[in-house]
Amino acid sequence: MGKSVAYPVLRTTDAAEAYAQAVRLCGMLEERDDEVLLHAELFTVADVRRMAAVLPEGPFDYLESRRDPATGDFADFDLDVRTAGDVALEAELPLSVMAGAPLGTVEERFVRALGRGVAGIDWEGRWPDEPEFDSYGMATYDGVGIAFNGDTAA
């Protein structure tokens with residue numbers, strides 16, 4: 001077991017600038033996974049539609065757990081966001097999406113699709129060893145992450 005530490009290196013309200021700097025930092029990783037993790041909170045039907053275009057397979061889910069009023073069991077989100085009508089989606093908001101994607105396939109479109117909800121992109125990898133500073137990369141904990149509309153690292 002270990003502890004994760006996130007070091008903020010840039011604070012900006014410009015999502016494209018944050019993404020560009022994250023890509024630059026990813027270029028400094030000695031090793032990088034072939035997949036990225038993307039996550040977003042979705043508060044409007046427009047948010048859902050934009051994210052469904054980027055991550056059509058989702059999975060989309062309720063932002064906070066809900067209970068079925070009839071049974072008291074936890075409710076599953078089972079609408080297909082690609083085909084559900086606006087009224088049906090509106091009734092289910094807010095939603096979330098968290099998905100992995102092959103590196104370099106959706107990140108830029110994800111950034112352009114952001115709404116006002118908290119979102120992020122995480123790249124796992126390993127920083128190079130720096131023995132003169134007693135710093136050694138660890139693939140289990142290293143990487144680059146962006147937090148949009150918030151300041152908490154995932």
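**Strand pairing, helix packing and salt bridges in a predicted model**

Student: In this predicted model, which residue of β3 does V36 stand opposite?

Tutor: The strands concerned are β1 and β3, the latter covering residues 95–102. They run antiparallel and are joined by eight bridges. Within β3, the residue opposite V36 is A101.

Student: What is the order of the strands in the open sheet?

Tutor: The sheet has five strands, with antiparallel pairing. Its edge strands, each pairing on one side only, are β2 and β5. Neighbouring strands are turned against each other by 15° on average, direction ignored. The order is β2-β3-β1-β4-β5.

Student: How many bridges join β4 to β5, and which residue stands opposite V144?

Tutor: Strands β4 and β5 run antiparallel, and six bridges join them. V144 lies in β5, and the residue that stands opposite V144 is W123.

Student: Which residues make up the covered face of β5?

Tutor: Strand β5 comprises residues 143–148 and has two faces. The uncovered face holds G143, G145 and A147. The covered face is formed by V144, I146 and F148.

Student: At about what angle does α1 run to β5?

Tutor: Helix α1 lies across three strands, β1, β4 and β5. One of these, β5, is also an edge strand of the sheet. The angle between α1 and β5 is about 175°.

Student: Across which strands does α2 lie, and which elements do the buried residues of α2 pack against?

Tutor: Helix α2 runs at about 160° to β1 and lies across β1, β2 and β3. Its buried residues are V45, D47, V48, M51, A52 and V54. The elements that these buried residues pack against are β1, β2, α3, β3 and α4 (107–112).

Student: How far apart are the closest N and O atoms of E31 and R126, and why does this pair tie together separate parts of the chain?

Tutor: A search of the whole structure finds eight salt bridges, and one of them is formed by E31 and R126. E31 lies in strand β1 (residues 31–42) and R126 in strand β4 (residues 119–126), so the pair ties together parts that are 95 residues apart in sequence. The closest N and O atoms are 3.6 Å apart.

Student: Is R126 buried or exposed?

Tutor: The cut-off for a buried residue is under 20% relative accessible area. Its partner E31, at a relative accessible area of 42%, is partly exposed. R126 has 13% relative accessibility and therefore counts as buried.

Student: Which residues are joined into one network by salt bridges that share partners?

Tutor: The bridge between E31 and R126 involves two members of this network. The residues joined through shared partners are E30, E31, R126 and D129.

Student: What is the distance between the closest N and O atoms of R49 and D86?

Tutor: R49 lies in helix α2 (residues 45–54) and D86 in helix α3 (residues 86–92), so their salt bridge ties together parts that are 37 residues apart in sequence. Both residues are partly exposed, R49 with a relative accessible area of 28% and D86 at 46% relative accessibility. The closest N and O atoms are separated by 2.6 Å.

Student: Which residue meets R66 in a salt bridge?

Tutor: The side chain of R66 takes part in a salt bridge with an N to O distance of 3.7 Å. R66 is in the loop between β2 (60–62) and α3, and its partner is in helix α3, 26 residues apart. R66 counts as partly exposed at 26% relative accessibility, whereas the partner, at 18%, counts as buried. That partner is E92.

Student: What accessible area do V5, Y7, V9 and L10 have together?

Tutor: These four residues form a nonpolar patch on the surface. One of them, V5, lies in the segment before α1 (15–26) and is exposed, with a relative accessible area of 57%. Together the four have about 460 Å².

Student: How far apart in space are F133 and T83?

Tutor: F133 is placed in the loop between β4 and β5. F133 is exposed, with a relative accessible area of 63%. F133 and T83 are 50 residues apart in sequence, and their C-alpha to C-alpha distance in space is 54 Å.

Note on methods:
Residues numbered from 1 in each chain as written. Predicted model: local features only at pLDDT ≥ 70, side-chain atom pairs only at ≥ 80, totals over all residues. Heavy atoms only, no water. Helix = DSSP H or I, 4+ residues; strand = E, 2+ residues; numbered from the N terminus. Buried < 20%, exposed > 50% of the residue type's maximum accessible area, 1.4 Å probe, protein only. Patch = residues over 30% accessible without salt bridge, like charges linked within 9 Å, V, L, I, M, F, W, Y side chains within 5 Å. Areas by Shrake-Rupley, 256 points an atom, 1.4 Å probe, with all protein chains shown as cover. Pairing = 2+ DSSP bridges. Axes fitted to C-alpha atoms, helices over the stretch in contact; angles between N-to-C directions. Contact = heavy atoms within 4.5 Å.
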